[in-house]
Amino acid sequence: MIKAESLILEGDPKDKICQATEQMQVDLLVLGSRGLGKIKRAFLGSVSDYCAHHAKCPVLIVKPPLEITKETSSKSKER
């Protein structure tokens, strides 16, 4: 009995997601996290962090599996 929808919107993701949750009157917003470190998140910003603080509904942030996080960090070190 779960209804899920996906949208394709243009614009700043964090603002568009928060606006859409308000317009659609969603019960729960589920977002993925890229697993950025604190420094990268501070410079790049985090859509999930912004939505957690600004969305008008509960937000569930799903972290990536540990294996993916390790692969991503090792690839960025190679660059």
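1. Two residues are in contact when they have heavy atoms within 4.5 Å of each other. On that basis, residues 24 or more positions apart account for 67% of the contacts in the protein with a separation of 6 or more. The model discussed here is predicted.

2. The overall architecture can be stated briefly. The secondary structure comprises four helices and two strands, and their order along the sequence is α-β-α-α-β-α.

3. As regards burial and surface, the protein has 79 residues, of which 13% count as buried. Its accessible surface is about 6,900 Å², and carbon and sulfur atoms make up 55% of that area.

4. Leu31 merits a separate point. This residue lies in strand 1. Leu31 counts as buried because its relative accessibility is 12%, and the cut-off for that class is under 20%. Beyond its neighbours within four places in sequence, Leu31 is in contact with Ile17, Ser48, Cys51, Val59, Leu60, Ile61 and Val62. One of these partners, Val62, is 31 residues away from Leu31 in sequence, yet the C-alpha atoms of the two residues are 6.1 Å apart in space.

5. Ser46 is the second residue to consider. It occupies the loop between helix 2 (38-44) and helix 3 (47-54). With a relative accessible area of 19%, Ser46 is classed as buried, since the class takes in values under 20%. The side chain of Ser46 also makes a polar contact, at 3.2 Å, with the side chain of Ser48. Ser48 is in turn among the residues in contact with Leu31.

6. The final point concerns the largest pocket, which holds about 620 Å³ of space. Its lining consists of 23 residues, and those closest to the pocket centre are Glu5, Met24, Val26, Leu28 and Leu29. Helix 1 (13-24) and strand 1 (29-32) are the elements that give two or more residues to this lining. Helix 1 supplies the largest share, with six residues. By residue class, the lining of the largest pocket divides into 13 nonpolar, six charged and four polar residues.

7. Strand 1 thus links two of the points above: it holds the buried residue Leu31, and it is also one of the elements that give two or more residues to the lining of the largest pocket.

Key:
Residues are numbered from 1 along each chain as its sequence is written. This is a predicted model: local features need pLDDT of at least 70, side-chain atom pairs count only at pLDDT 80 or more; totals for chains, interfaces and linings use all residues. Side-chain values use heavy atoms; hydrogens and water are left out. Buried means under 20% relative accessible area, exposed over 50%, partly exposed in between (1.4 Å probe, protein chains only). A polar contact is a pair of N or O atoms within 3.5 Å; within protein, one must be able to donate a hydrogen and the other to accept it, and residues adjacent in sequence count only if both atoms are side-chain atoms. Accessible areas come from the Shrake-Rupley method with a 1.4 Å probe; for residues, only the protein chains shown count as cover. On a 1 Å grid over the protein atoms alone, a cavity is a set of points where a 1.4 Å probe fits but cannot get out, and a pocket is an open set with protein on both sides within 12 Å along at least five of seven lines; lining residues have an atom within 4 Å of a point. Grid points are joined across faces, edges and corners, and a volume is the space filled by probe spheres set on the points. Ala, Val, Leu, Ile, Met, Phe, Trp, Tyr, Cys and Pro count as nonpolar, Asp, Glu, Lys and Arg as charged, and the others, Gly among them, as polar.
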